[in-house]
Amino acid sequence: MIRGFAPNNLEELYSVLENMTEKSKIVAGGTDLGIHLKKMTITPDALLYLGNIQETREIIETKNFIEIGACVTHTELEESNIVKKYLSAISDAAKDVGSLQIRNNGTIGGNIANASPAADLLPVLFLLDSLVVVANKNKELKEIKIEDFILGPGKIALNPDEAILKFKIPKKNNMYSAFLKLGSRKKLTISRIGLSLKLMIEDGKINNVVFFIGAISLKPVKFEIPKEEISKIQTISKFLEQENKERIFNKIYNIIFQITPEKFDRNYKMWAAKAVVYDLFDILAIRLNNKDCK
Ligand SMILES: Cc1cc2nc3c(=O)[nH]c(=O)nc-3n(C[C@H](O)[C@H](O)[C@H](O)COP(=O)(O)OP(=O)(O)OC[C@H]3O[C@@H](n4cnc5c(N)ncnc54)[C@H](O)[C@@H]3O)c2cc1C
C-alpha cells in the first residue's frame with residue numbers, strides 16, 4: 001500500500017519528512033512521475049505532495065532576492081510580472097516547455113529535481129546564480145547553490161528525508177537576461193540546445209556577459225566573455241552588431257565541437273547554434289528597449 005502525505009505548512013512538512021524512505025517519492029505536477037507510476041517503473045512506499053504549503057506556491061520579491069516556490073507551474077512563471085521584471089530568461093524558458101497541459105501542471109521543482117540534461121529551466125537557474133532551499137526533518141532550511149545541487153543526469157544532492165521548498169534568485173537591477181531553445185519536432189519540444197544569456201550593465205556600459213548552454217552536455221555549460229573583449233565592446237549597440245553575433249556563434253560552435261558527444265547530434269547542434277544565437281540576440285534587443293522587462 002502507498003501512503004500519502006499532503007502537509008499544509010512547514011511544521012507539518014518537517015514531521016512528514018521523518019516518514020520518508022529511499023523508496024518514497026515527492027510528487028508535484030506529476031507530468032513526469034505520473035508516467036513512471038503508470039508504467040510501474042517506480043513503485044514508491046509513500047507519496048508526498050507539497051502543493052498545499054504556501055511557500056511552495058508563491059513568487060515573492062524580497063530586498064535582495066526573488067523567491068520562487070517549488071510548486072510554481074511553468075504557466076505561473078511565464079505570467080508572473082515579478083519574473084518578467086527581473087528574470088525574463090525564466091519566463092522565456094517556461095513558456096516553451098512541452099505543451100499547454102505540461103506547462104499548466106509541471107513545476108519548477110519537478111523540472112530541477114528531474115535533473116535532465118534537456119530540462120529547460122536548468123541552464124537558466126545556473127545563469128541566475130540560484131540557490132535551492134531544501135527543507136529537512138531536523139526543521140532546517142538549507143540553501144544550496146544550484147551547481148552543487150545538480151550532480152549529473154537524474155542525480156541531485158537531496159536525501160530521502162529532504163524536499164525542495166523554493167528557489168532564491170539574487171535580484172539585480174542592472175541585469176538583462178534571455179533564453180531560447182531549439183527543440184526537436186519529433187519529441188514535442190524537448191530541448192536540443194537551450195541557450196541562456198545575461199548581460200550586466202553599469203553606467204550605460206556592458207561590464208559582464210555570461211552564457212549557460214543546456215542540452216549539449218550532462219550539465220549546463222558556462223561561457224563568459226573575457227573582460228578584455230568586453231572592454232572593447234562596451235556599448236549595447238556594438239554588442240548587438242552582426243560581427244559580435246558571429247563571434248559568439250563561433251565560440252559556441254567550438255564549445256559544442258569540443259564537449260558534445262557525437263551521439264548527442266553534435267554536428268547538427270554545432271550548426272543549429274547559429275540560428276539560436278541570432279534569435280536570442282533579437283529577443284535581447286527588444287528587451288533592452290523595453291526597460292520594464294529584464
Ligand atoms: C510530453 C512531455 C513534454 C515535456 N516537455 C518538456 C520540455 O519541453 N522542457 C522541459 O524542461 N521538460 C519537459 N518535460 C518534463 C517535465 O514535465 C517537466 O520537467 C516538469 O517541470 C516536471 O515537473 P512536475 O511538477 O510535473 O514533476 P513531477 O512529475 O511531479 O516530479 C518529477 C520528479 O521531481 C521530483 N520532485 C518534484 N517536486 C519536488 C520537490 N519539491 N522536491 C524534491 N523533489 C521533487 C519527483 O519526486 C520526481 O522525481 C516534458 C514532459 C512530458 C511528459
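Where does Ala157 lie? In this predicted model, Ala157 is placed in the loop between β9 (155-156) and β10. With 15 C-beta neighbours inside 10 Å, Ala157 counts as partly exposed, because a residue is classed as buried at 20 or more such neighbours and as exposed at 12 or fewer. When residues up to four places away in sequence are left out, the contacts of Ala157 are Ile144, Asp148, Phe149 and Leu151. Asn81 stands 76 residues from Ala157 along the chain, and the C-alpha atoms of the two are separated by 31 Å.

The strand that follows this loop, β10, belongs to an open sheet of 5 strands. The order in the sheet is β4-β5-β10-β6-β7, and the pairing is antiparallel. Its edges are formed by β4 (59-61) and β7 (141-145), each of which pairs on one side only. From one strand to the next, the twist averages 25 degrees. In general, the strands of a sheet pair through backbone hydrogen bonds, in either a parallel or an antiparallel arrangement. Here, strand β6 (residues 131-136) is joined to β7 by 5 bridges in the antiparallel sense. Within this part of the sheet, Ala135 stands opposite Leu141 in β7. Helix α1 (residues 10-17) packs on the sheet, where it touches β6 and β10 (162-170). The direction of α1 makes about 70 degrees with that of β6.

Glu11 is one of the residues of helix α1. It counts as exposed, since 11 C-beta neighbours are found inside 10 Å and the limit for this class is 12 or fewer. Glu11 and Phe257 are 246 residues apart in sequence, and their C-alpha atoms are 50 Å apart in space.

The domain assignment divides the chain into domain 1 (3-170) and domain 2 (175-289). Taken over C-alpha atoms, the centres of domain 1 and domain 2 are separated by 26 Å. The contact between them takes 20 residues from domain 1 and 23 residues from domain 2. On the side of domain 1 that touches domain 2, at least two residues each are supplied by α6 (88-95), α9 (121-127) and β8 (150-152). The largest share of that side comes from α9, with 5 residues. By residue class, the side of domain 1 that touches domain 2 divides into 13 nonpolar, 4 polar and 3 charged residues. Helix α6 is mostly covered, with 7 of its 8 residues buried. The buried residues in α6 are Ser88, Ala89, Ile90, Ser91, Asp92, Ala93 and Ala94.

Both domains also take part in the surroundings of the ligand, as the shell around the ligand draws at least three residues from each of domain 1 and domain 2. Of the 30 residues around the ligand, those that come nearest are Ala28, Gly29, Gly98, Gly106 and Gly110. Two or more residues of the shell are given by each of β2 (25-27), α7 (100-105), α8 (108-114) and β10. Among the elements, α8 gives the most, with 5 residues. The shell around the ligand comprises 15 nonpolar, 12 polar and 3 charged residues. Strand β10 thus appears in two settings, as a member of the open sheet and as a contributor to the shell around the ligand.

Two loop residues were examined for their backbone geometry. Most residues other than glycine have a negative phi. Ala115, although not a glycine, has a positive phi of about 50 degrees. This residue is located in the loop between α8 and α9. Ala115 counts as buried because 20 C-beta neighbours lie inside 10 Å, and the class begins at 20. Asp265 is likewise not a glycine and has a positive phi of about 55 degrees. The place of Asp265 is in the loop between α13 (242-259) and α14 (266-289). With 17 C-beta neighbours inside 10 Å, Asp265 counts as partly exposed.

Terms used
Residues are numbered from 1 along each chain as its sequence is written. This is a predicted model: local features need pLDDT of at least 70, side-chain atom pairs count only at pLDDT 80 or more; totals for chains, interfaces and linings use all residues. Two strands pair if DSSP finds at least two bridges between them. Helices (H or I, at least four residues) and strands (E, at least two) are DSSP runs, numbered from the N terminus. Axes are lines fitted to C-alpha atoms, for helices over the stretch in contact, and angles run from 0 to 180 degrees between N-to-C directions. Two residues are in contact if their C-beta atoms, placed from the backbone, lie within 7 Å. A residue is near a molecule or strand if its C-beta atom, placed from the backbone, lies within 6 Å of it. Ala, Val, Leu, Ile, Met, Phe, Trp, Tyr, Cys and Pro count as nonpolar, Asp, Glu, Lys and Arg as charged, and the others, Gly among them, as polar. Domain bounds come from an automatic or database domain assignment.
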